[in-house]
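Please keep the sequence and the model side by side while reading, since the account below moves from one to the other.

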Amino acid sequence: MKQYYGQQSAEYAPLPPLFAARVRVASVVIGVSLAIGTLLVFGITALVNRPLHGHSLPRGLLGLAALLLPMLSVLATAVVVLSARRCLQGDYLVIARARGTRAALAACFTALSISCLIALGVSALVDLWGNHGKLGFTELLATFANFAIGLIGYSAGLWFVRPSVSTLEKFSDHPIW
């Protein structure tokens, strides 16, 4: 354990400098990409729904919640991935912060999974658009797209805060034996 200027002692894991630099840059790139991708899925869904149903969003609160909950879960994952940078202190990974970030990523992924299941159930069981004949395929595609984007964010976030030994060896100047 190391003691840093006035901080309580915590566990630190050394990282290769190249990996630490990659985490600093990639967490921002991926976090922003998750947010932009989610907003694009929402925008495209609203754009496609306009000519199909006569309005961009479902009129009922249940339909609106089913459309927005997966999106909000992905945006929460984006915020956690953006905050993964705080797990680094120099070229060291702060273990306590990394555990907290992993727990937040797991909570976001659980929320994403549950909200996608709710969205799929609502889309299949409730007439969201009031035209009884058309199943909401755009909601299904938006839900699957949000799940895929959230899964990418979850995987990338875990790669940042819990790197494998083989990953660290790839970024290291000298092998870790």
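The paragraphs that follow take up the sheet, then an aromatic pair, then a threonine.

The model is a predicted one, in which local features need pLDDT of at least 70 and side-chain atom pairs count only at pLDDT 80 or more, while totals for chains, interfaces and linings use all residues. Residues are numbered from 1 along each chain as its sequence is written, and side-chain values use heavy atoms, with hydrogens and water left out.

Three strands (DSSP runs of E, at least two residues, numbered from the N terminus) make up an open antiparallel sheet in the order β1-β3-β2; strands pair if DSSP finds at least two bridges between them. At the edges lie β1 (12-14) and β2 (88-89), each of which pairs on one side only. Between β2 and β3 (residues 92-94) the antiparallel pairing runs over two bridges, and L88 stands opposite L93 in β3.

Across the whole structure there are five aromatic pairs (rings of Phe, Tyr and Trp, the last by its six-membered ring, with centres within 6.5 Å; planes under 30 degrees apart are stacked, over 60 edge-to-face, the rest tilted). One of them is edge-to-face, because the rings of F19 and W159 have centres 5.2 Å apart and planes at 70°. As F19 belongs to helix α1 (residues 17-53) and W159 to helix α4, the pair ties together parts 140 residues apart in sequence; helices are DSSP runs of H or I, at least four residues. F19, W159 and F160 form one aromatic cluster.

F19 is buried at 0% relative accessibility, whereas W159, at 31%, is partly exposed; buried means under 20% relative accessible area, exposed over 50%, and partly exposed in between, with a 1.4 Å probe and protein chains only.

Helix α4 (residues 137-161) also holds T143, which is buried with a relative accessible area of 5%. Leaving aside residues up to four places away in sequence, T143 touches C116, A119 and L120, contact being heavy atoms within 4.5 Å.
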